Structures are given as C-alpha cells and as structure tokens.
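Biologist: Please take a close look at a single helix and go through it step by step.

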Amino acid sequence: MAKQYIEKGLLVPDHVITRLMMSELENRRDQHWLLDGFPRTLVQAEALDRICDLDLVITLNIPFETLKDRLSRRWIHPPSGRVYNLDFNPPHVHGIDDVTGEPLVQQEDDKPEAVAARLRQYKDVAKPVIELYKSRGVLHQFSGTETNKIWPYVYTLLSNKITPIQSKEAY
C-alpha cells in the first residue's frame, strides 16, 4: 500500500506508515533503533511516544534548492536497486547502468516537480514534530549543504550519546 503513494511522489499517509512502523518497532523492543524519516508528523510522533522514549533526534537543515537539485538528479537501475546521482555518483555512460548496461530510469517521485511538491509538504508537516522534540531537549540540528562537512559533527554527537555495541567476537 505504501508503495502506491511513493511511486506517485506522495508522502505515505499517517495511518499506513504508522501501522507499519509500530508493528516493526514492537517486534524490536529489546533492540536499539535508528529511524530515518520517522516520525514525520505529530500523529506519528504520538504513536511512537506510546511505545518508547526517544534518546536523540537529529534534523539536518539543508537548503530547499540543494535538496531539490540532489533528489532530481537521482536515477536508478530498477532490477538491482542501484542508485546513481548525476552530480556525485554518475554512471560511466549517461543513462546506462555500470554493471549490466541496462537503461537507468528516473522515478516519478524524483522528477523536479514531484521533489519540490514533496519537500514543501514535508516542511509543513515536519515543523511541529521538530518543535516537539526541541521542547523536550532531545533535538540536535545540523546545517549545511555537503555531507562530508556535516557528518563529522553528527558522528561526534552519536559517539558521545550512544554506547558502542561490541560484537560477540570482542569478548
């Protein structure tokens, strides 16, 4: 059901994504989680509150035009799921998968108009969620346009907040 919305470049409705996420998270109550893009709305945040207390929330403040440009330059190889970006991970031959030589496609939700609409919609619904976590003191915000400049700060925060999990071989 979620796929139908995603393929049209729409955000998945609260009732669909919340039911999916709560089911998955309930099965992982005894594990650590890293959630990316959830919760996006207050309804989702309230559902998450019923099953856990969040330790840390990170939001990346990236200019609208930067996000739109990056997402609009994404092309995929559907059979394998390989993702290319024409700016920082281009295929060797434009429009052709490096491994199979098959054509790449741009999904409907990656086309500039769909990306712009999705980003505007996301901003409207995410703002109250960001404010909620800010008021609770668990929100950490990072701003920039380049991953390699933002990531060291995010990594430092995570390193200081999360106890490393050692593999069984380390014992």
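Modeller: A residue is called buried here when its relative accessible area is under 20%, exposed when it is over 50%, and partly exposed in between. The model is predicted. With that cut-off, the buried residues of helix 5 are Ala114, Val115, Ala116, Arg118, Leu119, Ala126, Val129 and Tyr133. These buried residues pack against two helices and three strands, namely helix 3 (42-49), helix 4 (64-72), strand 1 (57-61), strand 2 (74-77) and strand 4 (139-143).

Next, the length. Helix 5 covers residues 112-135, which is 24 residues. At 1.5 Å a residue it should span 34 Å, and the C-alpha atoms at its ends are 34 Å apart, so the two values agree.

The helix also has a bend. At Ala126 in helix 5 there is a kink of about 40°, and the proline Pro128 comes shortly after it. Ala126 is also one of the buried residues of this helix. After helix 5 comes Gly137, with a positive phi near 80°.

For context outside this helix, the structure holds 1 aromatic pair. The pair is made by Trp151 and Tyr155, and it is tilted, with 5.8 Å centre to centre and 55° between the planes. Both residues lie in helix 6 (residues 147-161), 4 residues apart, which is about one turn of the helix. Trp151 counts as partly exposed because its relative accessibility is 45%. Tyr155, at 49% relative accessibility, therefore counts as partly exposed too.

Conventions. Residues are numbered from 1 along each chain as its sequence is written. This is a predicted model: local features need pLDDT of at least 70, side-chain atom pairs count only at pLDDT 80 or more; totals for chains, interfaces and linings use all residues. Side-chain values use heavy atoms; hydrogens and water are left out. The expected span of a helix is 1.5 Å times one less than its number of residues. The bend at a residue is the angle between axes fitted to the seven residues ending there and the seven starting there. Buried means under 20% relative accessible area, exposed over 50%, partly exposed in between (1.4 Å probe, protein chains only). Contact means heavy atoms within 4.5 Å. Rings of Phe, Tyr and Trp (its six-membered ring) pair if their centres lie within 6.5 Å; planes under 30 degrees apart count as stacked, over 60 as edge-to-face and the rest as tilted.
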